[in-house]
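Work through the exercises below with the sequence and the coordinates at hand. Each task is followed by a solution in steps.

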Amino acid sequence: MSEPEASEALEDPEGTDRNGDQVVLDDVGVRLRRLRKQAVLTLTELAQLTGITPSTLSRLETGRVQPNLGQLLPLSRVHRLPIDELVNAPRVGDPRVHLHPVRRFGLTFVPLIRRAGGVQAYKVVYPPARTLPTPGMRTHEGHEWFYVLSGTVRLVLGTEEDLLLQAGEAIEFDTRTPHWIGNPAEREPAEVIAVFGTQGERVRLHES
């Protein structure tokens, strides 16, 4: 978005919101029809469950009318979905609450903050050792600190250190040192909170 376009968007946020709301409302009918089909319900059967007439349900699904709260509540109950998920409403509030897990290298990363650059924080899930091949040692710029939430994590640093960290233990290290992090358990996953500074930023610990 160019600077003039960004300025216009900021000057007329209500107009932008209205456009987004209309897109959501236009898609509600398609979503309601898909949910009914997934539940293997006819219009008549859904009408019996919700108290909404079949003709009204049909008009909702074809977009000829838009649902009101009195219609969304019984539909939400039948489909066992919150109303915002029922209509696929855009999420609001702190975006960190809605960050999605990412799978890389066989691991699951859940971002805990959203910003470009600087220190990054993740919850990382290491699957049992038997599910992954042992990768080679790696190096990269930065500094990492992690705290083990559950399970056991093995950290190999260089040629001299081979450490096992249990739940409740933490460690920090320079990622320019050749290293490997994994889960030695055969069945149980391990979970850690990892804080990584790409420019070598370090965690400051204070004792009270």
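**Exercise 1. Determine how strand S3 pairs with S9, then describe the other pairing of S9 and its burial.**

Step 1. S3 (residues 119-126) and S9 pair in the antiparallel sense over 8 bridges. Strands, like helices, are DSSP runs numbered from the N terminus (E, at least two residues, for strands; H or I, at least four, for helices). Two strands pair if DSSP finds at least two bridges between them.

Step 2. For the register, Val 119 stands opposite Gly 197 in S9.

Step 3. S9 also pairs with strand S4 (residues 143-150), in the antiparallel sense and over 7 bridges. Here Tyr 147 has Ile 193 of S9 as its bridge partner.

Step 4. S9 spans residues 190-197 and is mostly covered, with 6 of its 8 residues buried. Buried means under 20% relative accessible area, exposed over 50%, and partly exposed in between, with a 1.4 Å probe and protein chains only.

The model is predicted: local features need pLDDT of at least 70, side-chain atom pairs count only at pLDDT 80 or more, and totals for chains, interfaces and linings use all residues. Residues are numbered from 1 along each chain as its sequence is written, and side-chain values use heavy atoms, with hydrogens and water left out.

**Exercise 2. Find the strand order of the open sheet that contains S5, and name its edge strands.**

Step 1. The sheet has 3 strands in the order S6-S5-S8, with antiparallel pairing.

Step 2. The edge strands are S6 (161-166) and S8 (179-182), each of which pairs on one side only.

Step 3. From one strand to the next, the twist averages 15 degrees.

Step 4. S5 (residues 152-157) is joined to S6 by 6 bridges. Within this pair, Val 153 is the bridge partner of Leu 165 in S6.

**Exercise 3. Classify the packing of helix H3 against helix H4 and list the contact residues.**

Step 1. The axes of H3 (residues 43-50) and H4 (residues 54-62) come within 9 Å and cross at roughly 110 degrees. Axes are lines fitted to C-alpha atoms, for helices over the stretch in contact, and angles run from 0 to 180 degrees between N-to-C directions.

Step 2. H3 and H4 are therefore roughly perpendicular. The classes are roughly parallel under 35 degrees, roughly antiparallel over 145, roughly perpendicular from 65 to 115, and oblique for the rest.

Step 3. H3 contributes Leu 43, Thr 44, Leu 46, Ala 47 and Thr 50 to the contact, and H4 contributes Pro 54, Leu 57, Ser 58 and Glu 61. Contact means heavy atoms within 4.5 Å.

Step 4. These residues divide into 5 nonpolar, 3 polar and 1 charged. Ala, Val, Leu, Ile, Met, Phe, Trp, Tyr, Cys and Pro count as nonpolar, Asp, Glu, Lys and Arg as charged, and the others, Gly among them, as polar.

**Exercise 4. Is Glu 61 buried or exposed, and which residues does Glu 61 touch?**

Step 1. Glu 61 lies in H4.

Step 2. With a relative accessible area of 10%, Glu 61 is buried.

Step 3. Not counting residues up to four places away in sequence, Glu 61 touches Gly 29, Val 30, Leu 32, Arg 33, Arg 36 and Leu 43.

**Exercise 5. Locate the buried residues of H3 around the helix axis.**

Step 1. Leu 46, Ala 47 and Thr 50 are buried in H3.

Step 2. They cover an arc of only 105 degrees around the axis, so they are on the same side of H3. The arc is that of the directions from the helix axis to the C-beta atoms.
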